[in-house]
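Please keep the structure open while you read this note. Each point takes up one part of it.

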Amino acid sequence: MTERDESNNCKASATTVQLTLPDLIVTAVTNPPATAVAGGIFKVTDTVKNQGAVAAPSSMLRYYLSTDQQRGGGDVLLGGGRSVSSMSAGKTSSGNANVTIPAGTPPGSYYLLSCADDLSVVPELNETNNCLASASTVVVQ
Ligand SMILES: [Ca+2]
Ligand SMILES: [Ca+2]
């Protein structure tokens, strides 16, 4: 509908809104082995934190091989993941997962990425800070 004045449609509330969403991040991830083969299995230990002000429901960490330290479209999803039970505000959860490099992974040098809530079941304040890369790389042969 056309209004006589389109510039007066917004009014600020008198009070601020408390944003009440959790925010999951990965704060630590172990390095992968220096070398591995497609089809091989290695163990990952990592820590996920809910840095939001409210509790986060249960979620799943999943793991990728990436040629850089950013999550991107070409990353290789590893078999296996780690489920995390619900976490209250500020809490951390450390654990292990045995991950499998898929057959057919192109030979090369990869970082390991650990990604919190990789199935996107938890609405978060920030959905773009969920992955942490290892410091060193694994050469897949
Ligand atoms: Ca997050
Ligand atoms: Ca999420």
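**Notes on the calcium sites and their surroundings**

1. Start with the sequence pattern of one metal site. The donor residues of the calcium ion (ligand 1) are spaced D-L-x99-E-x1-N-x2-N-N in sequence. Bear in mind that this is a predicted model. The donors in that pattern are Asp23 (OD), Leu24 (O), Glu124 (OE), Asn126 (O), Asn129 (OD1) and Asn130 (OD1). They lie 2.3 to 2.5 Å from the ion.

2. What arrangement do the six donor atoms make around the calcium ion (ligand 1)? The arrangement is octahedral, because the angles they subtend run from 79 to 173 degrees. The rule asks that opposite donors be over 155 degrees apart and all others between 65 and 115.

3. Two of these donor residues can be checked for burial. Glu124 has a relative accessibility of 6%, so Glu124 counts as buried. Asn130 is buried too, with a relative accessible area of 6%. The cut-off for buried is under 20%.

4. Now turn to the calcium ion (ligand 2). Its protein donors are Asp117 (OD), Val122 (O), Glu124 (OE), Glu127 (OE) and Glu127 (OE). Note that Glu127 is listed twice. These donors lie 2.2 to 3.0 Å from the ion. In sequence the donor residues are spaced D-x4-V-x1-E-x2-E. Glu124 appears among the donors of ligand 1 and among those of ligand 2. Val122 is buried, at 2% relative accessible area.

5. Asp117 deserves a second look. This donor of ligand 2 sits in the loop between E7 and E8. Asp117 has a positive phi of about 45 degrees, although it is not a glycine. Most residues other than glycine have a negative phi. Is Asp117 buried or exposed? Asp117 counts as buried, because its relative accessibility is 3%.

6. Ser120 is found in the loop between E7 and E8. Its phi is near 55 degrees, a positive value in a residue other than glycine. Ser120 is exposed, with a relative accessible area of 59%. So two residues of this loop can be set side by side: Asp117 is buried, whereas Ser120 is exposed.

7. Which residues does the disulfide join? It links Cys115 to Cys131, with 2.0 Å from S to S. The count comes to one disulfide. A disulfide is a covalent bond between the sulfur atoms of two cysteines. The link of Cys115 and Cys131 is right-handed, with 115 degrees about the S-S bond. Cys115 lies in strand E7 (residues 108-115) and Cys131 in strand E8, so the pair ties together parts that are 16 residues apart in sequence.

8. The ends of that bond can be compared for exposure. Cys115 counts as buried, at 0% relative accessibility. Cys131 is partly exposed, with a relative accessible area of 30%.

9. Next, the largest pocket. About 200 Å³ of space lies in it. The pocket is lined by 14 residues. Arg71, Thr128, Asn129, Asn130 and Cys131 lie nearest its centre. Some of these names have come up before: Asn129 and Asn130 are donors of ligand 1, and Cys131 belongs to the disulfide.

10. What is the pocket lining made of? The lining divides into five nonpolar, six polar and three charged residues. Strand E8 (residues 131-140) gives the largest share, three residues.

11. Arg71 is one of the residues nearest the pocket centre. Arg71 is found in the loop between strand E4 (59-66) and E5. Arg71 is partly exposed, with a relative accessible area of 40%. Arg71 and Cys115 are 44 residues apart in sequence and 8.6 Å apart in space, C-alpha to C-alpha.

12. Set that pair against two others. Ser85 and Ala103 are 18 residues apart in sequence, and their C-alpha atoms are 30 Å apart in space. Ser85 lies in the loop between strand E5 (76-84) and strand E6 (92-100). Ser85 is exposed, at 53% relative accessible area. Val44 and Pro57 are 13 residues apart along the chain, and 22 Å separates their C-alpha atoms. Val44 lies in strand E3 (residues 41-50). Val44 is buried, with a relative accessible area of 0%.

Methods: Residues numbered from 1 in each chain as written. Chains lettered and ligands numbered in written order. Predicted model: local features only at pLDDT ≥ 70, side-chain atom pairs only at ≥ 80, totals over all residues. Heavy atoms only, no water. 1 Å grid on protein atoms, 1.4 Å probe; cavity = no way out; pocket = protein on both sides within 12 Å on 5 of 7 lines; lining within 4 Å. Points joined across faces, edges and corners; volume = space filled by probe spheres on them. Helix = DSSP H or I, 4+ residues; strand = E, 2+ residues; numbered from the N terminus. Nonpolar A, V, L, I, M, F, W, Y, C, P; charged D, E, K, R; others polar. Donors = N, O, S within 2.8 Å, 3.2 Å for Na, K, Ca; no water. Tetrahedral: all angles 85-135°; square planar, octahedral: opposite > 155°, others 65-115°. Buried < 20%, exposed > 50% of the residue type's maximum accessible area, 1.4 Å probe, protein only. Disulfide = S-S within 2.5 Å.
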